Amino acid sequence: MDTRKHANGHGENQKDAVARALGWFSLGLGTAQIAAPGTVERLIGLSGERRALMRALGAREIASGVGILAQRKPAPWLWARVAGDAMDLALLGRAFKAADARKARVAGAIAAVAGVMIPDVLESLRTTTSGQIEAKGSITVRRPVETVYDFWRDLSNLPSFMIHLESVQERGNRSHWRAKAPGGRTVEWDAELVAERPNELLHWRATGQIPNQGTVRFREAPGNRGTEIHVSLAYEPPAGELGALVAKMFGEEPQIQIKDDLRRFKQVMETGEVVMSEGSPAGVSAKQQLRQRPAQPMEVAS
Amino acid sequence: MRALCWEGRNKVSVENVPDPKIINGRDAIVRISSTAICGSDLHLYDGYIPTMERGDILGHEFMGEVVEIGPDVENLAVGDRVVVPFPIACGACAQCQAENYSLCENSNPNAGLGEKMYGHPLCGIFGYSHLTGGYAGGQAEYARVPFADVGPLKIEEDLTDEQVLFLSDIFPTGFMGAEMCNIQPGDVIAVWGAGPVGQFAAASAFLLGAERVIVIDRFDYRLRMAAQNAGAETLDYEGTDVIEELKEMTGGRGPDACIDAVGMEAHHDVGAIYAYDRVKQALRMETERPFALREAIMACKSGGTVSVVGVYGGFVDKFPMGSLMNRAITIRTGQCHVHRYMRPLLDRVRRGEIDPSFVVTHRLSLDDAPDGYETFKHKQDECVKVVLKP
């Protein structure tokens, strides 16, 4: 496992005009291949008898196109285009020797595929590398801003709603954090409160096994609606085994983790408990939501 | 304990499962004396609601005796007789404070699932898929009731189970359906569906001052029940142009308000139209068969209200948005905010304004619940409402 990093958390800005153009190109080509396979085949210099193959290639194009345009992280789908280009080149190479081939046209098609392969590779590389992981989330809690701020500011309260945390110990404006990791392991880091404005903002920076920094903003919601909490954080995923561990802990979508934490925070602040069901006995958790147990009571050894 | 579990499409069975335990301080355990099969349970039975797991205990209409309470429940005591509302509500969030209990922001631990499907999460509901929290339901001998200090209604009067059981869902749901019509003197209200919720919607429309109520269905025994108990006029939609007929019955105005008490699995008597939506639903190209809703919108007088209490799950095709917009129709809807209605409706029962037990046609033991589902689903034996006695 090496340091393959996510591009920054908000996928939209990693998908620039080039990626979108490639996506639309795939959709257009795929549609033509499915709707008029014979015409496309004749255009690239063949006799128009390979309709089934042409339609299959069209389906592949459409899948890549939809993936690039619809997914927040287009990299895998761009790589699918690269693989598709390689496959097309191989097929065209064979077609060049076929009896029904008009060689000039086939050569033209080969040149066209090779041409589009360049932006495909560049764009795939660009979207696959770069940046640290960023995520944000927000929620409104029906409690006064002072109450909400004070509860959060007492960092030892955080494990009551951040399920990964085991403990947070404060020493002045520094704190020591311990988190549970898969396989009974723990991950630890030290954090420093670099800015603190009561009832407004907390900003921390952490060093150690997982360098991270983040901000929690507290804002009075309009019309007595309580307090808005806005969290944003960024972390540098560590390399190697630890990186894999961290990836497992925070999942593919750190954004969802933050939302889960905030939902539990709201529950604790408003109801005094973390809400649990038979299907989700640990309370709100994205991972658990995907792997539900049946909605019936658990066998309790008591 | 014994509990009715969902085992897959069209398959439920009574299984031995562990007894529920107190998990949170605000929980209570209720020993169930009566529980009912709801029309919306049939959407689960038929496999139209996603996120069901094999082994899920069904049931969201139940009542019984409190046998255990968590340390933070102060308003209930062991031995209390209670009716439990089907939505789970914390009582503390902004929506609960506004009495929109079925929009509770805290009661669904699977909020993320609902958010993906609906844009915002749903509240927790007993025994109603994992989208609404994955809570074990009440078609069982016992149930754990979260936020027991907010939901359960204590019954101290000498009323039978069948007189108060339906305060858990269908009576308040029908009542809210009528209330959303904002009934004015002289109003004619049309109700699609003469199932249990339609029966209560019709009766409630009269309680709220409607001049006339017209109930639309195709089963004679259900229409008869609406006529006898609520005093409603009836319309058999088979072989009838419902919209024309409603105009005929209202001097061309159309009903002032329409209540859809049918929901996602409607039937249509024109074979081709029924087949169109049936096929699209089977292929998952749409999730609903919205005949009743389409008809209610088209039939409603201009500037009137369409109140939707029938359950929908996803996406609707051929929605008459043009009719809705150009004729200034108001749509009001929602899962019922049961907590809001339980006490006032209990008072109406106590004053003898209505006896909700009129809908009960079948009484079965819990062990016979699978037969109850089949009978109810296929409307055999003039079935309207099945009550189970665990």
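Student: Which strand of chain B do 4 bridges join to S10(B), and are the two parallel or antiparallel?
Tutor: Strand S13 (residues 257-260) of chain B; it runs parallel to strand S10 (residues 188-192) of chain B. Strands here are DSSP runs of E, at least two residues, and helices are runs of H or I, at least four residues, both numbered from the N terminus.

Student: What is the bridge partner of Ile189(B) in S13(B)?
Tutor: Ala257(B).

Student: Is this a predicted model? What should I keep in mind?
Tutor: It is predicted: local features need pLDDT of at least 70, side-chain atom pairs count only at pLDDT 80 or more, and totals for chains, interfaces and linings use all residues. Residues are numbered from 1 along each chain as its sequence is written, with chains lettered from A and ligands numbered from 1 in the order in which they are written.

Student: Back to the sheet. What is the strand order?
Tutor: S12-S11-S10-S13-S14-S15 of chain B, an open sheet of 6 strands with parallel pairing. Two strands pair if DSSP finds at least two bridges between them.

Student: Which are the edge strands?
Tutor: Strand S12 (233-236) and strand S15 (330-333) of chain B, each pairing on one side only.

Student: By how many degrees are neighbouring strands turned?
Tutor: On average 20 degrees against each other, direction ignored. Axes are lines fitted to C-alpha atoms, for helices over the stretch in contact; angles run from 0 to 180 degrees between N-to-C directions.

Student: Which strands does H6(B) lie across?
Tutor: S10, S11 (212-217) and S13 of chain B. Helix H6 (residues 196-207) of chain B runs at about 170 degrees to S11(B). Helix H7 (residues 220-230) of chain B also packs on the sheet, touching S11 and S12 of chain B, at about 165 degrees to S11(B). Contact means C-beta atoms, placed from the backbone, within 7 Å.

Student: New topic. What are the domains of chain B?
Tutor: Domain 1 (2-169 + 339-389) and domain 2 (171-333). Such bounds come from an automatic or database domain assignment. The centres of the two domains of chain B, over C-alpha atoms, are 25 Å apart.

Student: How many residues are in contact between them?
Tutor: 22 of domain 1 of chain B with 21 of domain 2 of chain B. On the domain 1 side, H12(B) gives the most, with 4 residues.

Student: And how many residues does each chain put into the A-B contact?
Tutor: 39 from chain B and 30 from chain A. On the chain B side, H3(B) gives the most, with 3 residues.

Methods
Contact = placed C-beta atoms within 7 Å.
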